[in-house]
Amino acid sequence: MSPAPTAQPWNRKHLLDLQSLGAEDLTLILDTARSFKAINERAIKRVPPLRGKTVINLFVEPSTRTRISFELAAMRLSADVINFSAEASSLKKGETLRDTVRNLESLNADVIILRHSASGAPHYLARFARAHIINAGDGAHEHPTQGLLDAFTIREHKGRIAGLNVTILGDILFSRVARSNIWALLKLGANVTLCGPPTLVPKVFEQMGCRVTWNLEEALRDADVVNLLRIQHERQRVTMFPSLGEYTALFGLNQARMKWVKPDALIMHPGPINRGVEIEGHIADGPQSVILEQVTNGLAVRMAVLFLVTGGRADEAG
Ligand code: CP
């Protein structure tokens, strides 16, 4: 299957964020990912576009889904893939990120996929790197491929994104997933509502074009999609609410609150889930949940991103 024709080709060296992309760029990635999803459903899943190229997964923060799906995506595209273990590397001896990347480039790295605790780390690398840089999550700033795979999953189920009501519930302030979702969904025409405790969902987010409410029932009632986020303890330097128990009591998605959720609304979560905190386990595993489909779609989206940034043409995907 070939993607629908689009008005402009991909012309960016890196994927650093979704804020700087337009609706056409986003649609191009989603359409290209649709072609790669079809490839992932074939008996023979490997295709040649990245043959001879070297992709390095440089993850300086933990990851399960993003790291493994980038690794698999690069392998499916026939690249050579190296997983860089920060814990076992010379970063532990004080080598800088810049020197690390310079050395990886000396080994002919073509693509460096970076996850880092510092917001802006991939943008910093992009200032000097020869390799293509892909942001796999930088601090609380952005997680662009998560925003893309979430948009892909919504579009696949609902047939569109424009006009949908999407509620993002939880720790918005410290969430890079929230920011990438907000940028992608607003650019593609969705109405985005943010909900959670006032300390984690400040009114300043309205300046991005979102609705902010601290009333959970109001946030859930008209939602076509409910995207739940975990509490990002690792980024909170001060306590933002009294206890996890209180968070769950006020904002956790439980069976009683599912009566406010439309029966055809999608329940999403980027993972990892804290079962029994932001969502009860049986809802995460229930009929409205598309959480594991998000993971499946992450592979196709990451194949599309690797393909496009390395110069692939969307009409040649698949
Ligand atoms: N959603 C997400 O980024 O998960 P990982 O941290 O496991 O990659």
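Which residue forms a salt bridge with Asp25? In this predicted model, the partner turns out to be Arg12, and the closest N and O atoms of the two are 3.5 Å apart. The pair links distant parts of the chain, with Asp25 sitting in helix α1 (residues 23-40) and Arg12 in the segment before α1, 13 residues apart. The two partners don't share the same kind of surroundings: Asp25 is buried, with a relative accessible area of 6%, while Arg12, at 28%, counts as partly exposed. The cut-off for buried is under 20%, so Asp25 falls below that limit with its 6%.

That's one salt bridge out of a count of 14. Helix α1 also takes part in another, where Lys37 pairs up with Glu156 and the closest N and O atoms are 3.1 Å apart. Lys37 belongs to α1 and Glu156 to helix α5 (residues 144-158), so this bridge ties together parts of the chain that are 119 residues apart in sequence. Here again a buried residue meets a partly exposed one: Lys37 has a relative accessible area of 14% and is buried, whereas Glu156 has 39% and is partly exposed. The general idea behind such pairs is simple: side chains of opposite charge can pair when their charged atoms come close.

Next comes a bridge between Arg211 and Glu218, whose side chains meet at 3.4 Å, N to O. Arg211 is partly exposed at 31% relative accessibility, and Glu218 is partly exposed at 38%. Salt bridges can also be chained together: Asp31, Arg34 and Arg155 are joined into one network by bridges that share partners.

What about a charged residue that is buried but has no salt bridge? Asp171 is such a case, and its nearest side chain of opposite charge, Arg179, is 7.1 Å away. A salt bridge needs the nitrogen and the carboxyl oxygen within 4 Å, so at 7.1 Å Arg179 doesn't qualify as a partner for Asp171. Asp171 is found in the loop between β5 (165-169) and α6 (176-187). Its side chain does have a polar contact, though: one of its polar atoms lies 3.0 Å from the backbone nitrogen of Phe174.

Arg179 shows up again in the surroundings of Phe205. This phenylalanine is in the loop between β6 (191-195) and β7 (211-213), and at 5% relative accessibility Phe205 counts as buried. Leaving aside neighbours within four places in sequence, Phe205 is in contact with Ile172, Leu173, Arg179, Ile182, Leu194, Cys210 and Val212. Phe205 and Arg179 are 26 residues apart along the chain, and their C-alpha atoms are separated by 9.7 Å.

Back in the segment before α1, there's His14. It is buried, with a relative accessible area of 13%. A polar atom of the His14 side chain lies 2.8 Å from the backbone nitrogen of Ile133. Not counting residues up to four places away in sequence, His14 touches Ala126, Ala131, His132, Ile133 and Val309.

Helix α3 (residues 97-106) gives a nice look at how burial can be laid out along a helix. Its buried residues include Leu97, Thr100, Val101, Leu104 and Glu105. Seen down the axis of α3, the buried residues fall within an arc of 135 degrees, so they line one face of the helix. The spacing fits a general rule: an α-helix has 3.6 residues a turn, so residues three or four places apart point the same way. And what do the buried residues of α3 pack against? They pack against β1 (54-59), β2 (80-85), β3 (111-116) and α4 (121-126). Just after α3, Asn108 takes a positive phi of about 70 degrees.

Finally, there's the ligand. The residues around it are Ser63, Thr64, Arg65, Thr66, Arg115, His143, Gln146, Pro270 and Gly271. Polar contacts to the ligand come from side chains and from the backbone. On the side-chain end, an N or O atom of Arg65 is 2.9 Å from an oxygen atom of the ligand, and Thr66 likewise has a side-chain N or O atom 2.6 Å from a ligand oxygen. Pro270 uses its backbone instead, with an N or O atom that lies 2.8 Å from a nitrogen atom of the ligand.

Definitions and conventions:
Residues are numbered from 1 along each chain as its sequence is written. This is a predicted model: local features need pLDDT of at least 70, side-chain atom pairs count only at pLDDT 80 or more; totals for chains, interfaces and linings use all residues. Side-chain values use heavy atoms; hydrogens and water are left out. Helices (H or I, at least four residues) and strands (E, at least two) are DSSP runs, numbered from the N terminus. Buried means under 20% relative accessible area, exposed over 50%, partly exposed in between (1.4 Å probe, protein chains only). Lys and Arg count as positive and Asp and Glu as negative; His and the chain ends are not counted. A polar contact is a pair of N or O atoms within 3.5 Å; within protein, one must be able to donate a hydrogen and the other to accept it, and residues adjacent in sequence count only if both atoms are side-chain atoms. The arc is that of the directions from the helix axis to the C-beta atoms. Contact means heavy atoms within 4.5 Å. A residue is near a molecule or strand if one of its heavy atoms lies within 4 Å of it.
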